[in-house]
Each structure stands twice: as C-alpha cells, then as structure tokens.
Amino acid sequence: MVLKIRLARFGKRNAPFYNIVVAQARTARNSKPLEVLGTYDPIPKPPPTGEGKAIKDIKLDTSRAKYWLGVGAQPSDPAWRLLSMVGLLEPKYHGQRVEERER
C-alpha cells in the first residue's frame with residue numbers, strides 16, 4: 001500500500017482551497033483520504049497589521065505529518081513545497097542550480 005501526502009482541492013471556481021491529506025496513491029484526488037493533516041489557502045490575505053506582504057494561510061498538524069513521513073508516505077511536489085515551508089522537509093532545489101543561474 002503506497003501512501004501519498006497530497007492536496008485535495010475544495011472551494012469555488014477561481015477561489016481554491018486545499019486540504020493536505022494522506023491517501024493511497026491509486027485513489028482519485030478528491031476521494032476520501034486516510035487522514036486530513038491540515039489546510040492550505042493559496043489566495044493571499046492582507047496581514048493583520050495592514051502593513052507588509054500578503055500572507056498565504058497554511059495550517060498543518062506537524063506531529064501527524066512527521067508520523068506519516070516516518071512510516072513512508074511520499075509527498076507530491078506541491079505537498080513537498082508546503083512541508084518544506086513549514087520546516088519538515090528540505091527544499092527540493094539544489095544549491096548548484098541556483099549558482100548556475102547567477103552566472
């Protein structure tokens with residue numbers, strides 16, 4: 001049984017909202033997951049103070065995400081990016097590619 005950590009899309013047209021879920025790799029995107037780890041709202045919201053950069057909201061149960069990563073669940077590319085933003089995984093890009101672009 002191969003497990004994936006991936007995003008399940010909810011929300012309206014032009015207003016996406018995602019659940020970060022653990023599901024079997026062969027099931028459909030919006031089928032019933034094994035567990036919902038958190039949510040991700042990709043539409044930037046203004047900061048509470050009114051100053052600075054807009055914020056994309058990520059809510060994640062880090063202890064459960066660590067558990068699923070520990071038992072072998074493979075994150076999809078978008079889920080990997082979110083988990084690296086939270087600090088659970090290393091970013092996928094390599095330092096050599098960044099150096100090559102600067103040249």
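Reader: Which residues does Ile 58 touch, not counting those up to four places away in sequence, and what makes a pair count as a contact?

Author: Ile 58 touches Thr 39, Tyr 40, Leu 82, Met 85 and Val 86 once those sequence neighbours are set aside. Contact is the word used when heavy atoms lie within 4.5 Å. This is a predicted model, where local features need pLDDT of at least 70 and side-chain atom pairs count only at pLDDT 80 or more, while totals for chains, interfaces and linings use all residues. Residues are numbered from 1 along each chain as its sequence is written, and side-chain values use heavy atoms, with hydrogens and water left out.

Reader: Where is Ile 58, and why is it called buried, exposed or partly exposed?

Author: Ile 58 sits in strand E4. Buried means under 20% relative accessible area, exposed means over 50%, and partly exposed is in between (1.4 Å probe, protein chains only). The relative accessibility of Ile 58 is 27%, so Ile 58 counts as partly exposed. One of its contacts is Met 85, and the C-alpha atoms of those two residues are separated by 9.2 Å although they are 27 residues apart along the chain.

Reader: What makes a stretch of chain a helix or a strand, and how many of each are there?

Author: Both are DSSP runs, numbered from the N terminus: helices are H or I with at least four residues, and strands are E with at least two. By that rule the protein chain has 3 helices and 5 strands. Their order along the sequence is β-β-β-β-α-β-α-α.

Reader: Why is a group of residues called a nonpolar core, and which members touch the most others in the largest one?

Author: The name is for a set of buried Ala, Val, Leu, Ile, Met, Phe, Trp, Tyr and Cys residues joined through side-chain atoms within 4.5 Å. The largest such core has 14 residues, and Ile 5, Ile 20, Leu 37 and Trp 68 touch the most other members. Strands E1 (3-12), E2 (15-24) and E3 (35-45), together with helices H1 (62-70) and H2 (77-86), each give two or more residues to this core. There is a general tendency behind such groups: in soluble globular proteins, nonpolar side chains tend to be buried together.

Reader: How do you know whether Ile 5 is buried or exposed?

Author: Its relative accessibility is 0%, so Ile 5 counts as buried. Ile 5 lies in strand E1. Leaving out residues up to four places away, its contacts include Ile 20, Leu 37, Trp 68, Ser 76 and Leu 83. Leu 83 is 78 residues further along the chain, with 9.8 Å between the two C-alpha atoms.

Reader: And what about Ser 76: buried or exposed?

Author: Ser 76 is in the loop between strand E5 (74-75) and H2. At 17% relative accessibility, Ser 76 falls under the cut-off and therefore counts as buried. Beyond its sequence neighbours, Ser 76 touches Ile 5 and Arg 6.

Reader: Which residues of H2 are buried, and what do they pack against?

Author: Ala 79, Leu 82, Leu 83 and Ser 84 are the buried ones in H2. The buried residues of this helix pack against E1, E2, E3, E4 (55-60), H1 and E5. Just after H2, Gly 87 has a positive phi of about 105 degrees.

Reader: What makes two rings an aromatic pair, and how many pairs are there?

Author: Rings of Phe, Tyr and Trp (its six-membered ring) pair if their centres lie within 6.5 Å; planes under 30 degrees apart are stacked, over 60 edge-to-face, and the rest tilted. The count comes to 2 aromatic pairs. Tyr 18 and Tyr 40 have 6.2 Å between centres and 25 degrees between planes, and this pair is stacked. The pair joins strand E2, home of Tyr 18, to strand E3, home of Tyr 40, across 22 residues. Tyr 40 has 6% relative accessibility, so it counts as buried.

Reader: Why is the pair of Tyr 67 and Trp 68 called stacked, tilted or edge-to-face?

Author: Their planes are 75 degrees apart and their centres 5.2 Å, which makes the pair edge-to-face. Tyr 67, in helix H1, has a relative accessible area of 39% and is therefore partly exposed. Trp 68 has 12%, so Trp 68 is buried.
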